[in-house]
Amino acid sequence: MLGWEERGLELVHSGKVRELYADGDDLIMVASDRISVYDVVLPTPVPGKGRVLTQLSLWWFGQLGDVVPNHVISGTDVPAEWAGRAIRCRRLRMLPVECIARGYLAGLGLASYRETGAISGVPLPPGLGEGDRLPEPVFTPTTKAAAGHDEPLTFDEVAGLVGGPVAAELRSATLEVYRQGASLAADRGVLIADTKLEFGLLPDGTLMLADEVLTPDSSRFWLASEWQPGRPQRSLDKQFVRDWSSGLDWDRKPPGPAIPAEVVAATQARYQELFVRLTGSE
Ligand code: Q0Z
């Protein structure tokens with residue numbers, strides 16, 4: 001079998017758990033079975049994770065096609081070695097903003113709220129606690145740092161980076177994708193606490209949803225039946241890995257520990273269960 005180099009593909013970006021290749025004018029995004037916890041990639045893969053996340057993302061792109069156009073060309077016209085876990089997409093001019101929508105208080109949104117009562121310059125009512133649902137979803141964009149940590153941006157700062165009209169489009173598309181996705185997921189027993197979207201532009205200026213959408217690697221998913229505001233929530237996908245690793249003598253710095261087989265199996269089952277719950281297919 002020919003490897004990707006022999007087929008003229010060029011590796012353009014290697015992320016923690018995914019790779020991005022150029023194929024002529026197109027890009028091919030390839031999801032691996034690698035898993036990260038506390039931002040550290042563990043040495044043990046979770047078989048099937050790349051396929052489940054890719055198929056979930058493709059399903060969401062289909063569901064959300066009326067909200068905003070997207071970069072997908074094909075989920076099947078990809079090299080055979082990546083079948084099921086790769087997406088052929090249009091190469092866009094990516095916008096330098098991580099577009100985050102939050103519907104519940106968790107993570108960096110919670111930290112910002114506790115310090116200032118606001119997130120990304122959007123004031124929130126007093127008295128909210130960890131895991132609470134927000135009165136309205138909020139747009140909380142950040143920078144896209146090449147290394148290190150993303151920094152919060154106010155709406156005016158986004159407008160300074162991409163121009164006022166594109167910033168307004170980004171905010172409305174982000175909130176609408178979140179609203180429709182979270183509403184559909186909630187009907188199926190899954191809460192989407194927050195999500196990170198990436199957008200790019202076609203040469204004619206059309207805004208397109210890019211990258212991955214509403215996967216557990218880009219979003220916080222909670223099981224509605226387990227939601228208990230007032231404390232940290234259980235993560236639908238990685239909770240077994242977190243619970244197991246918290247019992248180890250590990251400082252959460254690389255290299256991470258190998259995952260035992262039963263924790264891998266439980267995590268695989270969690271990804272599959274999420275996929276079946278949301279999409280209604282196996
Ligand atoms: C996505 C990323 C991945 C590592 C660039 N349609 C597009 N056009 C231009 N650029 C991108 C896309 Cl999706 C683009 N990333 C994120 C994806 C591996 C990094 F699969 N970076």
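**Note on helix packing, core and backbone features**

1. Trp-60 touches Gly-181, Leu-184, Ile-192, Val-213, Leu-214 and Leu-278, leaving aside residues up to four places away in sequence. The structure under review is a predicted model. Trp-60 also belongs to the largest nonpolar core, which has 58 residues. Together with Leu-170, Phe-199, Val-213 and Leu-278, Trp-60 is among the members that touch the most other members of this core. Helix H4 (residues 164-187) gives the most to the core, namely ten residues.

2. How are helix H1 (residues 49-63) and H6 arranged relative to each other? Their axes are 10 Å apart and the packing angle is about 15 degrees. Angles under 35 degrees count as roughly parallel, so H1 is roughly parallel to H6. The crossing of the two helices is left-handed. On the H1 side, the contact is made by Lys-49, Arg-51, Val-52, Leu-53, Gln-55, Leu-56, Trp-59 and Trp-60. H6 supplies Tyr-271, Gln-272, Leu-274, Phe-275, Leu-278 and Thr-279. By class, the residues of this contact divide into nine nonpolar, three polar and two charged. Trp-60 of H1 and Leu-278 of H6, both part of this contact, also touch each other.

3. H6 (residues 261-279) also packs against helix H5 (residues 239-246), at an angle of about 155 degrees and with the axes 8 Å apart. Because angles over 145 degrees count as roughly antiparallel, H5 is roughly antiparallel to H6. Phe-240, Val-241 and Trp-244 of H5 meet Val-263, Ala-266, Thr-267 and Arg-270 of H6 in this contact. These residues divide into five nonpolar, one polar and one charged.

4. Which residues of H5 are buried? They are Gln-239, Val-241, Trp-244 and Ser-245. The buried residues of H5 pack against strand S4 (36-37) as well as H6. Val-241 and Trp-244 thus appear both in the buried set and in the contact with H6.

5. The axes of helix H3 (residues 155-162) and H4 come within 7 Å and cross at roughly 125 degrees. H3 and H4 are therefore oblique to each other, and H3 passes H4 in a right-handed crossing. From H3, the contact takes in Phe-155, Val-158, Ala-159 and Val-162. From H4, it takes in Gly-164, Val-166, Ala-167, Ala-168, Leu-170 and Arg-171. Eight of the contact residues are nonpolar, one is polar and one is charged. Leu-170, on the H4 side of this contact, is one of the core members named in point 1.

6. Ile-100 lies in strand S9 (residues 97-104). Is Ile-100 buried or exposed? The relative accessible area of Ile-100 is 11%; since buried means under 20%, Ile-100 is buried. Ile-100 touches Val-138, Phe-139, Thr-140, Pro-141, Thr-142, Thr-174, Thr-195 and Lys-196, not counting residues up to four places away in sequence. Ile-100 and Leu-110, ten residues apart in sequence, are 14 Å apart in space from C-alpha to C-alpha.

7. Met-1 lies in the segment before strand S1 (10-14). With a relative accessible area of 88%, Met-1 is exposed. The C-alpha atoms of Met-1 and Gly-15 are separated by 25 Å, and the two residues are 14 places apart along the chain.

8. Three backbone features deserve a reviewer's attention. Most residues other than glycine have a negative phi, and most peptide bonds are trans. Tyr-38, which is not a glycine, has a positive phi of about 50 degrees, and Asp-39, also not a glycine, has a positive phi of about 70 degrees. Tyr-38 lies in the loop between S4 and strand S5 (40-41), where Asp-39 is found as well. Tyr-38 counts as partly exposed, at 29% relative accessibility, whereas Asp-39 counts as exposed, at 54%.

9. Where is the cis peptide bond? The cis bond joins Pro-254 and Pro-255, with omega about -5 degrees. Pro-255 is placed in the loop between H5 and H6, the pair of helices described in point 3 as roughly antiparallel.

Methods
Residues numbered from 1 in each chain as written. Predicted model: local features only at pLDDT ≥ 70, side-chain atom pairs only at ≥ 80, totals over all residues. Heavy atoms only, no water. Axes fitted to C-alpha atoms, helices over the stretch in contact; angles between N-to-C directions. Helix = DSSP H or I, 4+ residues; strand = E, 2+ residues; numbered from the N terminus. Parallel < 35°, antiparallel > 145°, perpendicular 65-115°, else oblique. Contact = heavy atoms within 4.5 Å. Nonpolar A, V, L, I, M, F, W, Y, C, P; charged D, E, K, R; others polar. Left-handed = near helix turned anticlockwise from the far one by under 90°. Core = buried A, V, L, I, M, F, W, Y, C linked by side-chain atoms within 4.5 Å. Buried < 20%, exposed > 50% of the residue type's maximum accessible area, 1.4 Å probe, protein only.
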